[in-house]
Amino acid sequence: MSSAEHFKTAPEIAPPLLAWYDRHARALPWRISPSERDHGVVADPYRVWLSEIMLQQTTVQAVKPYFENFATRWPTVEDLAAADTEDVMKAWAGLGYYSRARNLKKCADVVAAEHGGRFPETEEGLRALPGIGPYTAAAIAAIAFDQPAAVVDGNIERVFTRLFEIETPLPSAKSEIRAVVAEATPEDRPGDFAQALMDLGATICTPKRPACALCPIDELCQARQSGKQEQFPVKLPKKAKPVRLGAAFVAERHDEAVLLVKRPDKGLLGGMTGVPTSNWTVRADGETGTNAAPFKGEWRSKGVISHVFTHFELRLEVFHAVVTNPPDHPGWWSDRDSLPGEALPTVMKKALSAAFPGLFRKGKT
């Protein structure tokens, strides 16, 4: 189908999709439901922003408890701006992609200090804030402020490539998809339209075995008509992820306290808490033996743990030692029982669990 034909049929999407959304909208803790909207309830831009930052590259189910914790502890953007950065990082620990947490705090600081606690209502104004890119700016503008912004996430990409059989592979197809989404976005209820598309992709227009018989816009779907739904979106073959190597060192005192360090603010896992490691990076291996230990000791191997990041896999050989007279070190000693409350990313929890099996088992404090 040509671009001209895309634009011709795109406006037909909104009416049946919004009617479906009014009946089947997912209940989410950050969302204003269609019935609430009918009764005059308006979206809280802070909650919309918080949820969108958390949802980047993370599932709804994983985000829910984190969102509810943040919204309870810091119910306004001014509250979050006044929070201690370390407390924010601790509350974020386990959600991944930690640059989001650092930018979350920076953004709250800017909104509170420079905007009087009010988020800008335009995409342009939102994009000027830390951590807010084109997608997030469009989502906040549409959902929080009813701006007719073209919101395009992974679910919406899948829906539109199927609707119009867009054969250009992702990511090259992004500009084409955004253009047709912009044409389809209605002036009335653009935020509900965006959320309806997200719900459609999450519940019906799924990557595999989409439930086309339940789709409110199946008659407009080119891939449905040709039986090629699962062939879209077209993606280039994935490149194999490189493997990086390194070592992690779990030092324990006789009182069972464990040595922790704060990682540098810049780079992967920036500002997070962890055990000492060798100097691995996204692009280079670190040392893998006890020569990389923070100090001399009777280091014993506890095996190798693996953690997959977005662009590479990290394999760390974990060593453990009980230290009788610990030397000075730029870190701190944390009681073992306090470790679950530290701002530990998942890879560091894996390293600690190799030394202390069951440490992070659910229900253990």
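Two strands pair if DSSP finds at least two bridges between them. Strands themselves are DSSP runs of E with at least two residues, helices are runs of H or I with at least four, and both are numbered from the N terminus. What you're looking at is a predicted model, where local features need pLDDT of at least 70 and side-chain atom pairs count only at pLDDT 80 or more, while totals for chains, interfaces and linings use all residues. Residues are numbered from 1 along each chain as its sequence is written, and side-chain values use heavy atoms, with hydrogens and water left out.

Let's start with strand 5, residues 313-323. Strand 4 (residues 300-308) runs antiparallel to strand 5, and 7 bridges join the two. Find Arg300 and you'll see that its bridge partner in strand 5 is His320. These two strands make a hairpin, with 4 residues between them. Strand 5 also pairs with strand 1 (residues 243-253), this time in the parallel sense and over 11 bridges. Here Arg244 has Leu314 of strand 5 as its bridge partner. How many residues of strand 5 are buried? The count is 8 of the 11, so strand 5 is largely enclosed by the rest of the structure. "Buried" means under 20% relative accessible area, "exposed" means over 50%, and "partly exposed" is in between, using a 1.4 Å probe and protein chains only.

Now for some helices. Two packed helices are described by the angle between their axes and the distance between the axes. Helix 11 (residues 154-163) packs against helix 12 (residues 174-184) at an angle of about 85 degrees, and their axes are 10 Å apart. That makes helix 11 roughly perpendicular to helix 12. The label covers 65 to 115 degrees; under 35 is roughly parallel, over 145 roughly antiparallel, and the rest oblique. Helix 11 brings Ile156, Glu157, Phe160 and Thr161 to the contact, and helix 12 brings Lys174, Ile177, Val180, Val181 and Ala184, where contact means heavy atoms within 4.5 Å. Sorted by class, that's 6 nonpolar, 1 polar and 2 charged residues.

Glu157 and Lys174 do something else too: they form a salt bridge, with their closest N and O atoms 2.5 Å apart. Glu157 sits in helix 11 and Lys174 in helix 12, so this pair ties together parts that are 17 residues apart in sequence. Glu157 is buried at 9% relative accessible area, whereas Lys174 is partly exposed at 35%. To count as a salt bridge, a side-chain nitrogen of Lys or Arg must be within 4 Å of a carboxyl oxygen of Asp or Glu.

The whole structure has 15 salt bridges. One of them joins the side chains of Asp199 and Arg31, at 2.8 Å from N to O. Asp199 is in helix 13 (residues 190-203) and Arg31 is in the loop between helix 2 (14-24) and helix 3 (34-38), 168 residues apart. Are these partners buried or exposed? Asp199 is buried, with just 1% relative accessible area, and Arg31 counts as buried at 9%.

Another salt bridge links Glu256 and Arg336, at 4.0 Å from N to O. Glu256 lies in the loop between strand 1 and strand 2 (258-262), and Arg336 in the loop between strand 6 (332-334) and helix 15 (346-355), 80 residues apart. Glu256 is partly exposed at 42%, and Arg336 is partly exposed at 21%. Finally, look for a network of salt bridges: it links Asp22, Arg37, Asp146, Arg189 and Asp192.

Terms used
Axes fitted to C-alpha atoms, helices over the stretch in contact; angles between N-to-C directions. Nonpolar A, V, L, I, M, F, W, Y, C, P; charged D, E, K, R; others polar.
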